[in-house]
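Work through the exercises below with the sequence and the model open side by side. Try each task before reading its solution.

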Amino acid sequence: MLQCSSKADVGKPTKKGTEHVFFDTARQGAGEHNKTITTPPFALIPPLDDGDDQNDGGIPKSSPEPILRLQKCLIRPFYEGDAAAIVKEANNPKIARWMRNTFPQPYSTEDARNWISMATNPAPLLDFAICRTDRNTVIGCIGLKTRDDIHVRTVEVGYWLGEKHWHQGIATEALSAFSQWTFDNFDHVLRIEAEVFEGNEGSARVLEKAGYAFEARKRKAVEKRGLVLDALTYCAFRDGS
Ligand SMILES: CC(C)(COP(=O)(O)OP(=O)(O)OC[C@H]1O[C@@H](n2cnc3c(N)ncnc32)[C@H](O)[C@@H]1OP(=O)(O)O)[C@@H](O)C(=O)NCCC(=O)NCCS
């Protein structure tokens, strides 16, 4: 059984009383802006024919509908059947070294189940599986963290991809399309930012290719595995202001 919201709820702000409540969780602050996404390097592809299991590329009927169907990957909500694939892809110190400490290492089945439970509960959904187009198996993750108070019009994007899928343009395609999807589905969001640890050249390049601009270097802002590192902020904007 799926724990996620109905398809109609995916990506939609919730309404509470007379106030629109876009997100529930509180996050930290934001800075100045200087860049917009213009022509992202991705193309949407039409839905697969799901009238017949034989013609849908083997995609299980129980998995949630994608929010984005791209040329190299699908982006869809997580569901309970994803645990084994998440462990297989995420249990890798080469991924964890560039992630916050909330990303487990080693990454167990229990960690994956906890993640699925967290990722499928909020409304609207904010965290999504990146999957191969042909098998619908999870190969990575992309998601948003929200801010509150004066920073409510900023969201932070984060992502990772299993190592054997690197260097195929998948992260660039996923981030480009997901950023546009974020602006399209959350009217209040003006700014998407990402924080990259010093030395993560792959992620910095992905952000640049997806239309993000380098904005700031926060010196000695991060300690990861006992190493103090700078944190680099990249951002993209709804418009060019
Ligand atoms: C960062 C990551 C998502 C990149 O995924 P990917 O699908 O391999 O990226 P792409 O194939 O779209 O690559 C885009 C560009 O980045 C470059 N790139 C990718 N990995 C690189 C690396 N390790 N070093 C230098 N450049 C790299 C590619 O060559 C490509 O540039 P090009 O088109 O000019 O040749 C993946 O390596 C990953 O999951 N890393 C660990 C987790 C992580 O860093 N997450 C982000 C935290 S901010």
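**Exercise 1. Find the bridge partner of L74 in β5, then trace the sheet around it.**

Step 1. L74 has C131 as its bridge partner in β5. This model is predicted; local features need pLDDT of at least 70, side-chain atom pairs count only at pLDDT 80 or more, and totals for chains, interfaces and linings use all residues. Residue numbers start from 1 along each chain as its sequence is written. Helices (H or I, at least four residues) and strands (E, at least two) are DSSP runs, numbered from the N terminus.

Step 2. Take the β4-β5 pair. Strand β5 covers residues 127-132, and five bridges join β5 to β4 in an antiparallel run. Two strands count as paired if DSSP finds at least two bridges between them. R76 also belongs to this register, standing opposite A129 in β5.

Step 3. Move to β3, residues 68-69. β3 pairs with β4 over two bridges, antiparallel. L68 has I75 in β4 as its bridge partner. Three residues lie between β3 and β4, and the two strands form a hairpin.

Step 4. Place these strands in the sheet. The sheet is open, has eight strands and mixed pairing, and runs in the order β3-β4-β5-β6-β7-β8-β10-β9. β3 and β9 (213-224) are the edge strands, each pairing on one side only.

Step 5. Check burial. Strand β4 spans residues 73-77, and five of its five residues are buried. A residue is buried if 20 or more other C-beta atoms lie within 10 Å of its own, exposed if 12 or fewer, and partly exposed in between, with C-beta atoms placed from the backbone.

**Exercise 2. Describe the buried and exposed sides of α3, then follow the chain out of the helix.**

Step 1. List the buried residues. In α3 (residues 109-119) they are A112, W115, I116 and A119.

Step 2. Look down the axis. The buried residues of α3 fall within an arc of 100 degrees, so they line one face of the helix. The arc is that of the directions from the helix axis to the C-beta atoms.

Step 3. Turn the helix over. E110 and S117 are exposed, on the face turned away from the buried side.

Step 4. Ask what covers the buried residues. The cover includes α1 (83-90) and β5.

Step 5. Leave the helix. T120 lies in the loop between α3 and β5. T120 is partly exposed because 19 other C-beta atoms lie within 10 Å. Its C-alpha atom is 9.1 Å from that of E80, 40 residues apart along the chain.

**Exercise 3. Which elements supply the shell around the ligand, and how does α5 pack?**

Step 1. Start with the shell. Of the 22 residues around the ligand, W98, A171, T172, G202 and R205 come nearest. A residue is near a molecule if its C-beta atom, placed from the backbone, lies within 6 Å of it.

Step 2. Assign the elements. Those giving two or more residues are β7 (154-161), α4 (170-185), β8 (191-197) and α5 (201-209). α5 gives the most, six residues.

Step 3. Sort by type. The shell divides into twelve nonpolar, seven polar and three charged residues. Here Ala, Val, Leu, Ile, Met, Phe, Trp, Tyr, Cys and Pro count as nonpolar, Asp, Glu, Lys and Arg as charged, and the others, Gly among them, as polar.

Step 4. Examine α5. S203, V206 and L207 are buried. They cover an arc of only 95 degrees around the axis, which puts them on the same side of α5. The buried residues of α5 pack against α4, β8 and β10 (227-237). Contact means C-beta atoms, placed from the backbone, within 7 Å.

Step 5. Note the exit. G211 follows α5 and has a positive phi, near 100 degrees.

**Exercise 4. Locate the largest nonpolar core and one of its hubs.**

Step 1. Define the core. A nonpolar core is a set of buried Ala, Val, Leu, Ile, Met, Phe, Trp, Tyr and Cys residues joined through C-beta atoms within 7 Å.

Step 2. Find its centre. The largest core has 52 residues, and those with the most contacts inside it are C73, I75, I130, I142, Y159, A174 and L175. α4 supplies the largest share, six residues.

Step 3. Follow L175. Not counting residues up to four places away in sequence, L175 touches I142, Y159, V206 and A210.

Key
Two residues are in contact if their C-beta atoms, placed from the backbone, lie within 7 Å.
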